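Work through the exercises below with the model open. Try each task before you read its solution.

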Amino acid sequence: MLRQALDAAAKGQQQTQQGDDQQVATPSETDALLQQPAQDINYSSTQAGQSGDDDSDMRLSSDGEDDDAYSLDGWHEDEGSEVEPTPTFLGKAWTKLKSCFFLVLNVENLWDSPSENSDPEVSRRNHLIVFLWFFILAASYALERSTFKLLVDRSGPFRLFAVEMVTFTHALMIGIGMFLSALTRKDFSFQPLGIPVVDVGLMALLDTVHMLLVFLTGYHVPPTLTVILVQFTIPLTALITQFVHADGCVKRCCGSPSGSDSQAETSLPSVEGTPLPGWGGLSMEHISGSIIISLAVLLALSPALYTIWDPNFFIYADTIPIQTAYNTMLFVSSCIPAAASQLYKEHIFLQYKQPVQSDLLNLILSIFQLVFASIMSPLVYTLLGLAATRDWPKLYPSSGFSQNFMEGFQCFLGTLDEDRAESGYEDEAVCKFSLSLVFLHAFSIISIGVAVDKIVNAGATKVLFRGISAGIIVSVVSLYIYDLKIPDFSYGPAIDSLNLVCVLLLVVGSEVYHRVSLQDATFETVYPEVENFYDEDL
């Protein structure tokens with residue numbers, strides 16, 4: 001909308017300039033403009049001390065002066081005492097850079113704006129801007145998945161402290177961004193949050209549980225599986241919907257459907273994207289996509305499931321296969337609180353339908369996550385050694401959490417002794433570049449949010465999910481290369497080919513699932529009513 005307003009203003013200004021040019025082109029009016037400065041000068045002189053004939057004085061003065069003195073060019077040179085300086089090379093470069101920056105940031109309705117009367121070059125430029133954010137989204141998603149695996153592998157026994165570092169860094173970056181934005185706008189006022197803080201706290205609690213589980217178990221999960229298994233959140237949201245939605249399968253089975261509902265079930269909708277009766281507002285595309293993604297996750301879990309059945313089968317590929325298997329299963333279970341958090345957020349936004357300032361919401365969520373992570377870390381500290389030995393709870397006793405926290409702080413600062421980092425715990429820690437990975441991981445999360453916001457505002461929702469699919473492919477390839485340098489998780493070409501099939505199924509399932517929008521995913525914002533400032537009695 002802003003771009004349309006600017007284009008309209010530019011057209012109006014252009015029409016005004018064209019009207020002025022037409023007026024100057026008239027010969028009689030050109031003479032009037034040429035004589036206007038002389039009349040003003042002579043009028044002031046006659047007012048000063050002359051009482052003769054004004055017309056003769058003006059004619060004499062006009063004949064006596066040089067014609068060049070009353071030309072338009074000469075008049076502008078005389079009157080325009082302030083000459084604009086010629087911009088330097090650095091000034092031109094800065095202007096171009098600033099224009100490109102605002103052009104890329106302003107993506108409001110670029111994708112779906114009508115282009116019948118627009119310039120093809122402008123339409124092509126708008127699509128290129130959206131594709132730029134597409135590449136930013138894909139690169140940011142790949143960076144987030146890659147830095148996550150690198151961070152948990154290098155932090156080793158200090159993975160719980162890494163959770164607190166990531167949440168703190170994320171909140172710090174958002175706070176700095178909000179301060180700089182307010183400083184630029186010279187407006188430090190904030191809009192109301194729009195939703196109760198208690199609901200925000202529950203969202204943060206579910207996100208914290210998810211984050212703790214993935215950091216706890218990600219150290220012992222094969223790199224490529226850390227990308228594949230997190231996609232199980234999509235089928236889980238469809239499954240949980242059947243329990244909580246008014247038209248879900250479970251609620252309809254427990255209740256007594258009416259006759260009209262039973263008749264509606266017999267006739268399936270023929271329009272693409274129409275919700276199926278009795279499936280919680282999901283369409284055939286959503287159900288098919290969820291099944292395909294579930295199949296991909298199940299195939300990726302098959303080595304872990306078989307290891308639990310036969311612990312010695314993959315002894316050639318992994319030092320402790322049973323530890324990898326149990327940690328992989330717990331890693332997948334982290335999708336349950338993630339799916340619950342996503343559905344709860346949609347429920348709260350649908351319930352209040354208030355405009356929400358995303359930066360402020362993310363800042364409050366990060367602060368709550370930092371508090372919850374600090375409280376819950378001692379409770380789950382023992383799980384760092386899950387299934388490593390028969391007496392694995394003794395590897396990380398709760399009494400050693402305080403020492404682990406302090407040494408984790410030293411590790412991220414680079415002051416921890418190398419021998420203590422290598423052999424002080426069951427898992428080895430590599431403290432070098434750990435703090436840099438924290439900043440990169442937090443930055444990638446923010447970059448994903450910004451790219452998603454820009455693509456959605458541009459009206460290119462399908463481009464959004466294809467960008468995520470591209471990020472999945474890039475991250476799997478990069479983590480597979482990283483896996484080649486790790487002595488563990490060397491399952492051979494058969495399992496590697498299976499993981500490739502899982503990635504292809506993920507991309508296909510995501511494309512099918514996101515082909516249409518969810519029925520309850522969109523809503524119209526309800527703004528607070530303006531109070532009546534006038535007294536009705538008057």
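**Exercise 1.** In which helix does phenylalanine 179 lie? Then place this residue on the surface.

*Solution.* Phenylalanine 179 lies in helix H7, which covers residues 159-185. Helices here are DSSP runs of H or I with at least four residues, numbered from the N terminus (strands are E runs of at least two). The model is predicted: local features need pLDDT of at least 70, side-chain atom pairs count only at pLDDT 80 or more, and totals for chains, interfaces and linings use all residues. Residues are numbered from 1 along each chain as its sequence is written, and side-chain values use heavy atoms, with hydrogens and water left out.

Next, check the exposure. Phenylalanine 179 has 47% relative accessibility and counts as partly exposed. The classes are: buried under 20% relative accessible area, exposed over 50%, partly exposed in between (1.4 Å probe, protein chains only).

Now look at the neighbours. Phe179 belongs to a nonpolar surface patch of about 690 Å². Its other members are Phe168, Leu172, Ile176, Leu180, Leu183 and Phe188. Patch residues have over 30% relative accessible area and no salt bridge; nonpolar side chains (Val, Leu, Ile, Met, Phe, Trp, Tyr) are joined within 5 Å, like charges within 9 Å. Areas come from the Shrake-Rupley method with a 1.4 Å probe, and for residues only the protein chains shown count as cover.

**Exercise 2.** Which residues gather in a patch of negative charge on the surface?

*Solution.* The patch holds Asp417, Glu418, Asp419, Glu422 and Glu428. Asp and Glu count as negative, Lys and Arg as positive; His and the chain ends are not counted. Each charge is placed at NZ of Lys, CZ of Arg, CG of Asp or CD of Glu. Take one member. Aspartate 419 lies in helix H18, residues 418-423. Aspartate 419 is exposed, at 52% relative accessible area.

**Exercise 3.** How many salt bridges does a search of the whole structure find? Examine some of them.

*Solution.* The search finds seven. A salt bridge is a side-chain nitrogen of Lys or Arg within 4 Å of a carboxyl oxygen of Asp or Glu.

- Start inside one helix. Aspartate 153 and lysine 149 meet at 3.2 Å, N to O. Both lie in helix H6 (residues 120-155), four residues apart, about one turn of the helix. Aspartate 153 is buried at 14%, and lysine 149 is buried at 0%.
- Go on to a pair between helices. Lysine 345 and aspartate 207 form a salt bridge at 3.2 Å, N to O. Lysine 345 lies in H15 (residues 335-352) and aspartate 207 in H8, so the pair ties together parts 138 residues apart in sequence. Lysine 345 is partly exposed at 23%, whereas aspartate 207 is buried at 16%.
- Finish with arginine 420 and glutamate 407, at 2.9 Å, N to O. Arginine 420 lies in H18 and glutamate 407 in H17 (residues 401-413), so the pair ties together parts 13 residues apart in sequence.

**Exercise 4.** What is the phi of lysine 186 near, and where is this residue found?

*Solution.* Begin with the background. Most residues other than glycine have a negative phi. Lysine 186 has a positive phi, near 55°. Lysine 186 is found in the loop between H7 and helix H8 (197-217). Its relative accessibility is 74%, so lysine 186 counts as exposed.

Then turn to phenylalanine 433. Its phi is positive too, near 65°. Phenylalanine 433 sits in the loop between H18 and helix H19 (434-457). Phenylalanine 433 is exposed at 53% relative accessible area.
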